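Me: I would like to take a close look at one part of this protein, going slowly enough that a first-year student can follow each step.

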Amino acid sequence: MSQRIFIAGLFHETHTFVDGKTSLADFQIRRGEEMLACEGDASPLGGVLEYAKKQEWEIFHGIDYRATPSGTVDDGVVEAWWSEFKSAWQPDCDAVYLVLHGAMVTETIRDVEGELLARIRKLIGEDIPIFGVYDLHANFSFSMAANSDCLVAYRENPHSDAREAAVRAAGLLVRCLAESACPKMYLRQTRIILPPTGVGTADAPMRSLESAARGLEGGEVWAVNIAAGFAFADTPDTGLSFQVISSGPAGSAEQCLEELEQLAEDLKEHGRGKDEALEDVMVRLREPTDGLTLLFELADNIGGGAPGDCTGCLRALIEHEIENAAICINDPEAVTQLAGVGIGTKVSLGVGGKGSQLDEGPLNLETELLSRSNGRFELEDKQSHMASMVGDFADMGDCALVRHAGILILLTSNKTAPFDLGQWRSQGVDPAQLDVIVIKAAVAHKRAYDPITARSFWVDTPGPCSSNLKRFAYEHLRDGMWPL
Ligand SMILES: [Zn+2]
């Protein structure tokens with residue numbers, strides 16, 4: 001007789017320090033056949049459904065909610081998900097399989113996955129196994145460990161193996177059903193918080209931790225997870241953690257956790273992130289170079305959910321009288337203010353600093369209006385990361401190009417990540433002729449900018465994606481978290 005598996009998904013990485021909430025309307029919701037239609041696609045759900053077909057599992061579809069990373073979620077989202085889960089639930093299923101993220105926070109629930117797993121356990125009873133997959137950026141809680149049997153983490157960051165991890169978890173579920181033996185999840189939460197820039201798996205400490213975890217797997221140890229955590233979610237569970245999924249004695253699982261924790265303590269310094277103090281960078285900026293210098297304002301990384309209007313780098317350029325420089329600031333208000341103004345007119349403007357409470361606020365500048373446009377441009381590189389999102393044309397919304405003391409400021413009405421040089425050339429600016437450009441991105445700009453760049457610096461400025469965790473006013477962490 002084929003196994004009857006109930007599948008559901010809930011996926012959100014909640015950044016509790018960005019302004020703005022995430023509501024039900026921000027989620028992509030799949031029900032019934034829409035879920036099954038994911039079979040074979042690149043998502044973890046697609047992977048497990050394809051595997052299910054090979055295993056000839058009978059699939060019962062619950063519900064699948066997904067949203068891109070953004071601010072604190074409305075409580076109503078959790079209740080909507082739970083109510084759909086309950087009504088879809090089939091009590092004669094043999095197992096539950098969940099596709100989770102693990103760092104979702106609502107207005108009143110800091111550990112959404114732990115809360116929902118506890119509710120599911122109560123609904124379905126102790127005997128039905130709960131398996132699944134989750135994102136390496138999870139803040140893993142004791143409720144998640146106690147109320148599930150085997151949740152498997154991605155092992156790669158960037159996440160090239162999300163689908164593979166989902167299939168691995170499904171394979172362990174096959175083992176569980178065949179052996180009629182369920183493993184237990186043993187959790188160790190460390191007192192270490194690492195910023196997202198410090199948890200790539202190609203570098204220390206994650207690389208060594210992942211490799212140590214692989215060495216501990218086998219026999220009674222079904223899987224070992226390294227959960228890097230998500231530093232921008234303020235919860236008591238935030239931080240690096242490990243789980244050993246084992247059907248062996250508790251003592252040996254704890255010993256594995258001990259080993260991993262010791263290794264993390266030894267290597268944690270490597271995970272601080274590499275943003276340098278702004279003042280140090282400004283001094284080095286004075287050293288002559290032949291060509292363009294990029295300043296990475298990582299705290300305002302547009303792709304990471306930041307507003308693209310933070311003023312940290314612009315302030316420094318002005319203060320240090322750096323000329324022949326350029327920055328793009330998303331500021332629809334300033335663009336509107338310039339709507340009826342003649343080209344060449346001098347205007348006093350409050351620039352940027354409106355999108356995040358972590359920024360110092362708008363910068364009042366005397367500017368000269370150089371040009372205006374509708375902000376639409378054809379991509380120069382049709383194979384870029386940006387092309388994969390927008391196609392052939394990008395739309396920055398209405399734009400105004402202004403100058404203040406040798407610094408070009410491109411004011412846009414739509415947040416536009418710096419992934420194509422057409423952003424500048426369409427506005428009459430040749431980026432290759434500039435000395436300094438501020439980049440509000442971490443990785444995906446490289447294809448466009450690397451060919452014209454002589455050197456670059458990662459700088460520590462205020463903003464919601466800063467690697468300097470001391471900049472955030474945490475309220476919910478456990479005591480004694482490193483490096484705070
Ligand atoms: Zn992730």
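In which handedness of crossing does H7 pass H8? Please describe that helix pair with care, and then carry on to the other details that help me find my way around the model.

Reply: The model in front of you is predicted, and that should be kept in mind throughout. H7 passes H8 in a crossing that is right-handed. To find the two helices, look for H7 at residues 206-216 and H8 at residues 250-267. Their axes lie 10 Å apart, and the helices pack at an angle of about 165°. Because angles over 145 degrees count as roughly antiparallel, H7 and H8 are described as roughly antiparallel to each other. On the H7 side of the contact you will find Ser208, Leu209, Ala212, Ala213 and Leu216, and these meet Cys256, Glu259, Leu260, Leu263, Ala264 and Leu267 in H8.

Just ahead of this pair there is a detail of the backbone that is worth a pause. The peptide bond that leads from Ala204 to Pro205 is cis, with omega near 5°, and Pro205 belongs to the loop between strand E7, residues 184-189, and H7. A second bond of this kind runs from Asn157 to Pro158, where the bond is cis and omega is again near 5°. Pro158 sits in the loop between strand E6, residues 150-153, and H6. These bonds deserve attention because most peptide bonds are trans.

H6 brings us to another helix pair, which you can set beside the one you asked about. Helix H2 (residues 44-54) and helix H6 (residues 162-179) have axes that come within 7 Å and cross at roughly 40°. That angle makes H2 oblique to H6, and the crossing of H2 and H6 is right-handed. In H2 the residues in contact are Pro44, Gly46, Gly47, Val48, Glu50 and Tyr51, while their partners in H6 are Ala162, Arg163, Ala166, Val167, Ala170, Gly171 and Val174.

If you follow the chain on from H2, you reach Glu56, which lies in the loop between H2 and strand E3, residues 58-66. Phi of Glu56 is near 55°, a positive value in a residue other than glycine, and Glu56 counts as exposed at 61% relative accessibility. Asn324, in the loop between helix H10 (312-319) and strand E12 (325-330), likewise has a positive phi, near 55°, without being a glycine. Asn324 is partly exposed, its relative accessible area being 31%. Such values stand out because most residues other than glycine have a negative phi.

The rings complete this tour. The count of aromatic pairs comes to 14. One of them joins Tyr134 and Phe140 in a tilted arrangement, with 5.0 Å from centre to centre and 50° between the planes. Tyr134 is buried, with a relative accessible area of 0%, and Phe140 is buried too, with a value of 0%. Elsewhere, ring pairs link Phe6, Trp81, Trp82, Phe85 and Trp89 into a cluster. Charged side chains also meet rings: Arg175 lies over the face of Trp222, at 4.0 Å from the ring centre, and Arg376 lies over the face of Phe393, at 4.5 Å from the ring centre.

Key
Residues are numbered from 1 along each chain as its sequence is written. This is a predicted model: local features need pLDDT of at least 70, side-chain atom pairs count only at pLDDT 80 or more; totals for chains, interfaces and linings use all residues. Side-chain values use heavy atoms; hydrogens and water are left out. Rings of Phe, Tyr and Trp (its six-membered ring) pair if their centres lie within 6.5 Å; planes under 30 degrees apart count as stacked, over 60 as edge-to-face and the rest as tilted. Buried means under 20% relative accessible area, exposed over 50%, partly exposed in between (1.4 Å probe, protein chains only). A charge sits over a ring if NZ of Lys or CZ of Arg is within 6 Å of the ring centre and within 35 degrees of the ring normal. Axes are lines fitted to C-alpha atoms, for helices over the stretch in contact, and angles run from 0 to 180 degrees between N-to-C directions. Helices (H or I, at least four residues) and strands (E, at least two) are DSSP runs, numbered from the N terminus. Angles under 35 degrees count as roughly parallel, over 145 as roughly antiparallel, 65 to 115 as roughly perpendicular and the rest as oblique. A crossing is left-handed if the near helix is turned anticlockwise from the far one by less than a right angle, and right-handed if clockwise. Contact means heavy atoms within 4.5 Å.
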